[in-house]
Structure formats: C-alpha cells, structure tokens
Amino acid sequence: MNNRDRTRRLLAVEALFNVIPSDAFSLASSLDASITATARQARRSVSIVITNYNYRNFVGAAVESALSQTVPAREVIVVDDGSTDGSTELILRLPGIVPVLKSNGGQASAFNEGFLRSNGEIVVFLDADDRLLPHAVEKIGSVPLRGVSRVQFGLETIDSKGRSTGIYPSDTSSATGYLVGRLNSKGGFPFMPTSGNAFPREILEKLMPMPEQNWSLCADLYLVLASALIGETLNLGVALGQYRIHGDNGHFRLLGAEPFLAGERKRRQALAWKDLLSNVQRLMSRSDAERSGRALQCLLLTGSGERSLRKNHSLRAIDMVFRAPRADKLALLRRMSNAIFPPRRGRSSDNTEPKFSSRRVQAGIEELQDAAGPSTWPLLAPGIQESFFSEASSAMAGVGWSRSLFDGLRMDALCATLALRLPDCRANWWLRIAFKLSGSNLLRHLSVRLNGAHLDAIELRGTGTFDLRLPLELMPLWMPYRGPSARAACLEFEVKAPDAGRIALQSLEVGLLPDVPPRAPCLPVGREVNFGRGAAIRDRGDLRLLLGDDVLAGGWEWPDDKGVQMAGRQARLVFSVSEHGEHAVTVGLPEDPGTDLREVLQVVVNDTLVAIHTSSNHRSFSFVLPIEGPGLVVVVIEVSSHAATGLWPVVCLSTIRLDTALKAGKLPMLVPNVELDGPMLEDQVRGCDGLAVDGMVSRIVNRNFSLTFLKAPTLVGVRILLRVCAAKDWAEPVAASFMLGERKFDCWLGPDNLIALPVPDDAGHIMRLRGYVDGRAGMFALRSLRMEQVVALNNAVSRIETTRLDPLAIYSFVEMPEDWHPVIDEALWLAGHSGTIRLPPLQMAAHALDVTVLSLGKPLQRLWLACGTERIQTSKAGLQTLRLQIADATTGLKLAVGCDAVVGATAVNATGPRMLGGAICSIAIITQTIHG
C-alpha cells in the first residue's frame, strides 16, 4: 500500500469518528465500509474446475476456452468422472491443465474432488460441454464480494457445432440479492445452470464436501440453494459463457418438458431441502438456522411431491414430540405449528400499537425477514425510481402481491409487505409511491406499518402518489452476513375487506430527509477547505484538522480524492459564520461540468434564492450570503437539465471558501467570481482615481487611473479580469498599459476588451491597479472588474469534448439487425423487447455516454440501458437523455437496450414500423482531455 492510500484511509477513519455513534457495533460496521470505499480492490484469483463424463467431443473446446482468457486463471482443473468414451486419453494429452481421473461417482463427487485440488479465491464449475467467453475470468475476478455467496452471470446458447443460437432464458437472472426469504417461502428460485455461476472460496469451504448420494446429476441445485442460506447473490448482468444444446442436456430438457416432469423437479427439490435441513445448523447462526429449519420442515411436510418422504418426515416429527420430556412437549408442538402455519409478524397479540424502540427493532431483524417472505431485499439508492411493471424490479415484493403487466403490483390480500434496504446514513428517508385504484369509490383506510410500528393511515382515490416518511430510529441495521452496511425497511400495507384487490402500486422512489442535525462547523474566513481531503487550519494557536466533508448535510455521494458528487437533484451544505459583516462563498469544481452553471444550477441560502457568479472556465462559482453577522447557514443546491439540450450535468465539488464580501466605506476584499460594474467601482473601491460614473460604466476622465483593493493572502492562482469598452466614435486601436503591483502589461485597445492580469502568488495583501490609456480623455470606460481563481488539477487543464452519433451511424453498429427497424424520422426503433449495440473502440479519455431515447406514453413504455455494470432506465415518457458512466472503452463497448412493452403502430396512430419498442435518437460520447 502506498502513502496516498494510507492517507486516504486515515482521513476516512477520522471523518467517521465525527459522524457515527459511539457504540461499538456501528463503529465496526462504518469502519469496515469506509475501508471498502477508499481502498483499491485487487483482482482475485479464479480457479476453473471442468467436470467431464462422456463428453469427449466437447471437453477439448471447454479446456481451450478456459486457457484462452484475457486474464489467466489460477489453474484449470479437469475432473473426469470415469468416462467410457475415450475422454481420459484425450484429457491426458491436453497441455496446461491439472488432470484428475477418478471412478464414476456422479457430478457431486466430481465437484468435491475438483474443489480439493483448487487454490483460487473464486471457483467456477464449468460443464465439459460448455465454454467460457475470453473475458470471463477478468470480470469475475474484479467483482466486489462483501456479503456475496454466489456470483451469477448470463450464458449464450450454442449448438453442437459451436454456432450461436441465442441467449439462455433471461428469467433465471431475476432471482438476485437476498434469496433466503424466497427459498423459505417458495422452496426455490430460478438460477443459471452450473456454468453460469461462480462461488467465493470461503463459501465453498463451508459447503464442501457436499452430499454425493443423491446428486449424480443436477448437483448445482444443492450448491445454489445452500449458498443462498449464507450470503447474497450478485448478478453481473452480462453473458460470460456459452451453454451448449446438443440433445443430451438433462437440465435443458427438463426446462422444455417442465409441465410433464413436474414430479421429478419437485422430487429433486425435496432431496435438496432434506440435505439442507441436515446441514443448516452448521451453515448459519443459531437464530437464522432455527428460522430456515422451520421453513424447510414446512416445505417437506406440505410442499414435496413425494408422498413417502412427507409421510416419513411427519412420523419422525410426531415421534420426536412424544419422546420429548414433558416440559419440552409444548415448545415442540408450537414449533411444528409455526412451521406449517407461520405466525403473523409485526403486530402484538392484543392488537394494540406496539411501542418500538430502536433497540427492540434491531433485535427483531429475523422477524422482519420472516414477514417479508419472498422479497430479496434490494438495496435502493436515493433519487432512483423503481417501476413495478417488470419482473426484475419486483424484487422488493413480499407476500400478498401479484404482478400485472398493465397495473404493476396488485394487492390481492388484506395485508401485503414490501421489503427493501437503504444505505446506512445519518438521515431520515422518504418514499413516494405511485398507485392506481380500481373503482370510483374512495379507499378510506390504507394502514401502513414500518417494521411493525404504525406509520400512517391514508385515504386514496383514482390514481396518484402518496408519500411516506421513514424515521431512522425505526430502521435496524442490516448486516446478516457482514455485507454493505444498510438499514432494513419492511413496509406492511393493510386494507379492510371491501377494498381487497383494489389498489395497485406502479412505481416507488426513495430520497433522503436530512432531519438529523448536521455538525454545522464554523468555516474560517479566507481559507480554502477541501472536500475529501484534509486542510490544516491554525486557529488561535491550536492546530486542528478541518474537513470540507463536515459541512455535507444530505444528498451527496461518498467523498473521494476528487471531491464530493451530488447523489440526486438536490443537496445541502450546512456551516456557521462567526464574524460580523457580509460574506461570500466560493465553491471549486474539479472539472468542467460541460455547461454554464447559471443555466442548470439554483442556490437557496436560508430560504432565500441568491444569484451565482461563475468563472469563465466553469471551474468555480460564488454567491453572496444574505445574512450580516454570525449565524447558521443552510445552502440548498438544486440542479436541473439544460433547457436546450436536455442533458443533466454532473456536479462535483472539490473546495469551499468563505470570504469577506465588498462593503462601502472600507478597503474591500475582492471575492472570486463576483463582478463589480462601473458604478460599484466608484462607490465601493477606495483610491479610485481618474474615474467618473457615467450611467453603467466608470469613464476614464484622465489618461491615468488607479484602483486599490484587498486580496486574501492565502488565495493563489488568481487573475484580474478588466472589461474596458470604447466610445461610439472610436476609429482605430489605442495603446494602453496596466500595472498590477510591480508587473506591467502592454496591450492595444479595441471597441470591447477583456484584459486578464495574472496576480503573482507572492503578492501582498493590498493590491494597487494602475492604468494608462494613450488616447483622448473620456474615450474609454471601465465596464466591470472581476477576480477569478484559475483552478487546475495537478497543474493541468481539463477540457470536456462531445462526439455525437446520429441514428444512421448507430444502426451500423447494431449486433443483430433483425432486432431493429431501419432509421425512420431520425429515430432508430426497436423491433422487439431488446437489442444490442456494439460501439467501436473509443478514446481512453471517454468516460460517459449521453443516450437520447424516445418512449411512448400511451401505453406507457419504459426503456432501460446497460453498459458493463452500469444500468439506468427512463423515468417518464417522451424524449429523455440518460447518462451512462463507462470505465475502459478502448476495447469497444456493448450497449444493451431494452423495453418493457412493445406497442403496435396502430395503437398510437403511427405510420412507421409495425411494432414499436422505443427508439434511440442519438448517442453522445463525453470525453475529458487533460492538457498540461
């Protein structure tokens, strides 16, 4: 670890001590999260275990794909399970592998033997008839694994000759996240076959050796269900392998003939439940094991398709009760009853409102997981809107819901639950839920509970939205497997019997309510404070460390070495001013946002809208505080899309500075970016000789003039911008000279001049500007004076450039032309639900894509875009620009486009293509170049 990483860790830890509670549990979780956020993630080693049984025709291709990775695997192990078709001789001749030959024992025994020979931090079990894509090891080895027990990725399908035939059914990728609830309530979930999964070594060390007796085939079923008990499933959202369909695939045949093989599928599930039940105490904590054990018993008693297995298990359970001591019989009977009829959570037995404290809620996290049922507890970010129309976005739905393509999530029962996780931060949250109500009658009582505590009672009519406030003290910490620190929110909705089935939820949006009082530190005057980095401030002889992060109240991302970025459309800064008089604030930006901030930014200080002044390079902006004297300052920064282009700027702050503002009758301190016009020069600047106010300018009445002002000693890298204009009768250039301190600048004056005068970094506190104009008196006038700070990154200048691709250019890059219609009216329309665009290699400086899309409003269409790990979707119908951050584009990019609804042209009175799935109008490639 280098000194920079050590310093970043130290600063993150010191910042945490100022914002987190003092209890050990919160301290440990926040400290763990800070190290993850600041430390550089090293690529983990990956072992590939190929299991083969009578696949002589395909095992060579599997080995070749494993050895042809862009990042080499730790080792490639080929386990032959007693093949009789000559596979053994072929495997022994293959170079670069670790051959393992054994007698026939089934797929599970091959898994056990291959894992024993592996050494990688991540293990991929590859079927001998499948293949890996070249970048599989590179992608799998770089994913974060905190709290993750299984990594899932997509698979392409190929035929027996290796020709591409499509994509493996995508519904298997919808089951991601925390899957214990879905396992306990439904007995299973869809998942990718063996070759579409990767397991961390620490997880397999708990699961291996796996049972071999019943798992000669479909052994991945046991591994997937068992891993769901001890961690979360991470879906990469990209295809990294190829699944071969050649007529002998038992698993794929089962998918195709599922209505006829339902009994076989249930039998295998029952065998998995039985093996999991015998190992659950070893895999999970005591409380989690008891809860999952009861659920597995319930599944075996009521959900198995094998009558004899259910009968034997029931007799064994009853026999256990009669053999138990008298004092334990009641407890065992209650446990059996709970397994078959799970008790309702979140309400006290006497139907009174429970009195929850934060400690009591935190102790009941297991009960919340029970109440959530099949919900996978997705982690939501502030400012993100989730739609309930797609299967993947319904992950937070617990019991009591049914999904409709036209209505979203419909509440079928009297009581239904939604479960989600929110990032752990010192703030309250709000939810905005869009609903649709069937029937014209008023729904008089929708009761809402949060983690068992009564939250609100709402009346609804027609369609619309309602807001809920989620207090921080009612949401316990979610850390079942030491994953990312988060807060758990289980929402319970309850209606009266006449209103059952009337309400449908269509979308959900979350945001921060920063009601927790911030620290509001006192900003020093004339000193620049960094966001994300420390600045030593000497205050009254005591050296203390002041962080700009202390003024962040809500709506910000985690600060990094560049600064801090807005997480949504609105964010707050809170600080204190200790001195009397007027003050101004200057905020520095690490890079050009690509637009004039005055057109997209709005600043409100203590409920008063203030004007902002920007620098010419758009790297800083300033505003004057509307208060005089000491007090608390609350700054609300709100960003909007550009009116002409519709683009959303990325606003990131790097520094903040408090200065004394201009005041008449005193020698003033010039504030960066705040412009003085001609009358203000005469009124506010002492030592203003040779100037006279003439309307909106200060006319130079003599050939010589001078101005005197103050500059903060710590302010470096600044320049004075002097605007000089000529009278109407100007005819030819005029020589002029200006002196700032001891430095002289000669120039020629035209009709309108902007003169930049650099200020030496070693200049004194008092600055004197003198000028001489070689022309007749009154010919020229000063229109404005402004001091500007030239912000640089490591003595370099950043420049934002945009390259636009029109629909015709985009169409030339589509992967499957049949997925798209030809370009019509400057739009490239999808012909189905999804399509892929493969962009050519881009410059290394390319860091974002602005994709302008068009979606229909009646019926409502929602488009989503995915590039690598980034994914975003439209929030409204019509024309919208979505920004996707990209990492490495030098090898080309794969842009996936999808739509939840394909609309016929006749439904919208269109004369274009027959089916419309949303359109791409343009792609803008955002490139940032650094010039030294």
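**Exercise 1. The second largest cavity**

How many nonpolar, polar and charged residues does the lining of the second largest cavity have, by class? Work this out from the residues around the cavity.

*Solution.* Begin by noting that the structure is a predicted model. A search of the whole structure finds two cavities of 30 Å³ or more, and the second largest cavity holds about 30 Å³ of space. Next, list the lining, which is made up of Trp401, Met411, Leu446, Phe466, Phe493, Ile503 and Leu505. Sorting these residues by class then gives seven nonpolar, no polar and no charged residues.

**Exercise 2. The largest cavity**

Find the volume of the largest cavity and classify the residues that line it.

*Solution.* The volume of the largest cavity is about 40 Å³. Its lining consists of Ile700, Asn702, Arg703, Val773, Gly775, Arg776, Ala777, Gly778, Met779 and Phe780. When glycine is counted among the polar residues, the classes come to five nonpolar, three polar and two charged residues.

**Exercise 3. The length and faces of helix 3**

Compare the expected span of helix 3 with its end-to-end separation, and then decide how its buried residues are arranged around the axis.

*Solution.* Helix 3 covers residues 56–67, and at 1.5 Å a residue its 12 residues should span 16 Å, a value with which the separation of 18 Å between its end C-alpha atoms agrees. The expected figure is obtained by multiplying 1.5 Å by one less than the number of residues.

Turning to burial, the buried residues of helix 3 are Phe58, Val59, Ala62, Val63, Ser65 and Ala66. Seen down the helix axis, these buried residues fall within an arc of 160°, so they line one face of helix 3. On the other side of the helix, Asn57 and Glu64 are exposed. Finally, ask what covers the buried residues: the cover includes strand 1 (46–52), strand 2 (75–81) and helix 4 (87–93), together with strand 4 (122–127), strand 5 (131–132) and strand 9 (232–244).

**Exercise 4. From helix 8 to strand 9**

Follow the chain from the loop after helix 8 through helix 9 and on to tyrosine 243, describing the backbone and the burial along the way.

*Solution.* The loop between helix 8 (201–207) and helix 9 contains proline 209, and the peptide bond leading from methionine 208 to proline 209 is cis, with omega near -5°. Cysteine 218 also has its place in the loop between helix 8 and helix 9, and its phi is near 60°, a positive value in a residue other than glycine. With a relative accessible area of 14%, cysteine 218 is buried, because the cut-off for burial is under 20%.

Helix 9 itself, residues 219–229, is mostly covered, with 11 of its 11 residues buried; among them are Asp220, Tyr222 and Ser227. Further along, tyrosine 243 is found in strand 9 and is buried, with a relative accessible area of 4%. The C-alpha atom of tyrosine 243 is separated by 9.5 Å from that of glycine 162, although the two residues are 81 residues apart along the chain.

**Exercise 5. Aspartate 607**

Is aspartate 607 buried or exposed, and where does it sit?

*Solution.* Aspartate 607 has its place in the loop between strand 28 (601–605) and strand 29 (608–610). Its phi is near 65°, a positive value in a residue other than glycine. At 78% relative accessibility, aspartate 607 counts as exposed, because the cut-off for that class is over 50%.

How values were computed
Residues are numbered from 1 along each chain as its sequence is written. This is a predicted model: local features need pLDDT of at least 70, side-chain atom pairs count only at pLDDT 80 or more; totals for chains, interfaces and linings use all residues. Side-chain values use heavy atoms; hydrogens and water are left out. Helices (H or I, at least four residues) and strands (E, at least two) are DSSP runs, numbered from the N terminus. Buried means under 20% relative accessible area, exposed over 50%, partly exposed in between (1.4 Å probe, protein chains only). The arc is that of the directions from the helix axis to the C-beta atoms. Contact means heavy atoms within 4.5 Å. On a 1 Å grid over the protein atoms alone, a cavity is a set of points where a 1.4 Å probe fits but cannot get out, and a pocket is an open set with protein on both sides within 12 Å along at least five of seven lines; lining residues have an atom within 4 Å of a point. Grid points are joined across faces, edges and corners, and a volume is the space filled by probe spheres set on the points.
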